[in-house]
Amino acid sequence: MPNETLVTYVLLILSALAAGAVNSIAGGGTLLTFPALLRILGSVEANATSTIALLPGSLAGALGYRKELRQSKRLILILLAPSIIGGVAGALLVTRFPEKVFSQLVPWLILTASVLFLVQAPLKKLTKAGQQGPATGWTVVVVIFGQLLIAIYGGYFGAGIGILMLSVLPFMGTRNIHETNGAKTFLASIINAVTVVIFIAEGKVVWKYALVMAVSAIIGGYVGARFARRLPAVYVRAIVITIGLSLGLYYLWLQLFSPTPEPIPEPIPES
């Protein structure tokens, strides 16, 4: 393991700052913090430390969307339980089983979500989702099940859960990208919070890095949310799609061309 240097801490702080901002706008901040931590920690510790470092930033981002959160109370209440259950299940999986299956699915999940987000408007018109106010019936059931799967993935690894949620939440009747972003940021915070509890209980968090990064992520999360709320919706959508496609293609490139067999390293087995 390399010696700790000022450069190491600067890299971690900058990655957390950028990740907090990116998470508030679209999601995918784990892509920045996880590789930075992986240089000095094992894969499970890097995953756990990254998650707890970004949690305060997600909460700060949700605070930046407080007006939008008031407008999406019903949606959040409906999706709260599947977010908690899925987050716990995913975190337990990552501490006990290898990540082989999810490592293969990551790029396709994110690319599919990005394309779905791109064609969201015509798809909503075709399905008439949310056109008569808040969604009801089978639309709600499908979105709840989708949120449960997203939360399991979020607890398991988590990169790109924001993109996944932004692609499905509008079918619940959110009125604009900012309202969707607010609900996404809050629900991502819930998923990360329950995941963090599991990681702490399992002793996987390296606190000396997590605490330094958390402060930086708070600043990035709040600034990112305030910045996104001031942008026209079309620009926010463009940023989300760009980040989503970039994330998906990055993981696909790792999967196809990385010299190592697993783009997302397997956790260290429990003794």
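Author: Before we look around, here is one idea to keep in hand: a nonpolar patch joins nonpolar side chains, such as Val, Leu and Ile, that lie within 5 Å of one another, and its residues have over 30% relative accessible area and no salt bridge. One more thing up front: this model is predicted.

Reader: Which residues form the nonpolar patch on the surface?

Author: The patch is made of L6, V10, L14, L17, V215, I219 and V223, and together they offer about 650 Å² of accessible area. Two elements, α1 (6–25) and α11, each give two or more residues to this patch. Helix α1 supplies the largest share, with 4 residues.

Reader: What makes V215 buried or exposed?

Author: V215 sits in helix α11. Its relative accessible area is 52%, and exposed means over 50%, so V215 counts as exposed.

Reader: S216 is in helix α11 too. Why is S216 called buried or exposed?

Author: The cut-off for buried is under 20%. S216 comes in at 6%, so S216 is buried. Helix α11 covers residues 207–230. From there, the side chain of S216 reaches the backbone nitrogen of L17 at 3.2 Å, and a polar contact needs N or O atoms within 3.5 Å. L17 is also one of the residues of the nonpolar patch.

Reader: Let's step back. How many helices and strands does the chain have?

Author: There are 12 helices and 0 strands. Reading along the sequence, you get α-α-α-α-α-α-α-α-α-α-α-α. The chain has 271 residues, and 54% of them count as buried.

Reader: What makes helix α9 largely enclosed by the rest of the structure?

Author: Helix α9 runs over residues 161–168, and 8 of its 8 residues are buried, so the rest of the structure largely encloses it. The buried residues are I161, G162, I163, L164, M165, L166, S167 and V168.

Reader: How do you know whether N181 is buried or exposed?

Author: N181 has a relative accessible area of 0%. Buried means under 20%, so N181 is buried. This residue belongs to helix α10 (residues 177–201). The side chain of N181 makes a polar contact with the side chain of Y65, at 3.4 Å.

Reader: And L92, why is it called buried, exposed or something in between?

Author: L92 has a relative accessible area of 32%. Buried is under 20% and exposed is over 50%, so 32% makes L92 partly exposed. You'll find L92 in helix α5 (residues 73–96). The C-alpha atoms of L92 and E202 are separated by 9.3 Å, though the two residues are 110 residues apart along the chain.

Reader: What about L254: buried or exposed?

Author: At 14%, L254 is under the 20% cut-off, so L254 is buried. L254 lies in helix α12 (residues 233–257). The C-alpha atom of L254 is separated by 9.3 Å from that of P107, which is 147 residues apart from L254 along the chain.

Reader: Back to the surface, then. Which residues gather in the patch of positive charge?

Author: R66, K67, R70 and K73 do. Lys and Arg count as positive, so each of these four names fits. Helix α4 (residues 66–71) gives the most to this patch, with 3 residues.

Reader: What makes R70 buried or exposed?

Author: R70 has its place in helix α4. Its relative accessible area is 56%. Exposed means over 50%, so R70 is exposed.

Notes
Residues are numbered from 1 along each chain as its sequence is written. This is a predicted model: local features need pLDDT of at least 70, side-chain atom pairs count only at pLDDT 80 or more; totals for chains, interfaces and linings use all residues. Side-chain values use heavy atoms; hydrogens and water are left out. Patches are made of residues with over 30% relative accessible area and no salt bridge: like charges are joined within 9 Å, nonpolar side chains (Val, Leu, Ile, Met, Phe, Trp, Tyr) within 5 Å. Accessible areas come from the Shrake-Rupley method with a 1.4 Å probe; for residues, only the protein chains shown count as cover. A salt bridge is a side-chain nitrogen of Lys or Arg within 4 Å of a carboxyl oxygen of Asp or Glu. The place of a charge is taken as NZ of Lys, CZ of Arg, CG of Asp or CD of Glu. Buried means under 20% relative accessible area, exposed over 50%, partly exposed in between (1.4 Å probe, protein chains only). A polar contact is a pair of N or O atoms within 3.5 Å; within protein, one must be able to donate a hydrogen and the other to accept it, and residues adjacent in sequence count only if both atoms are side-chain atoms.
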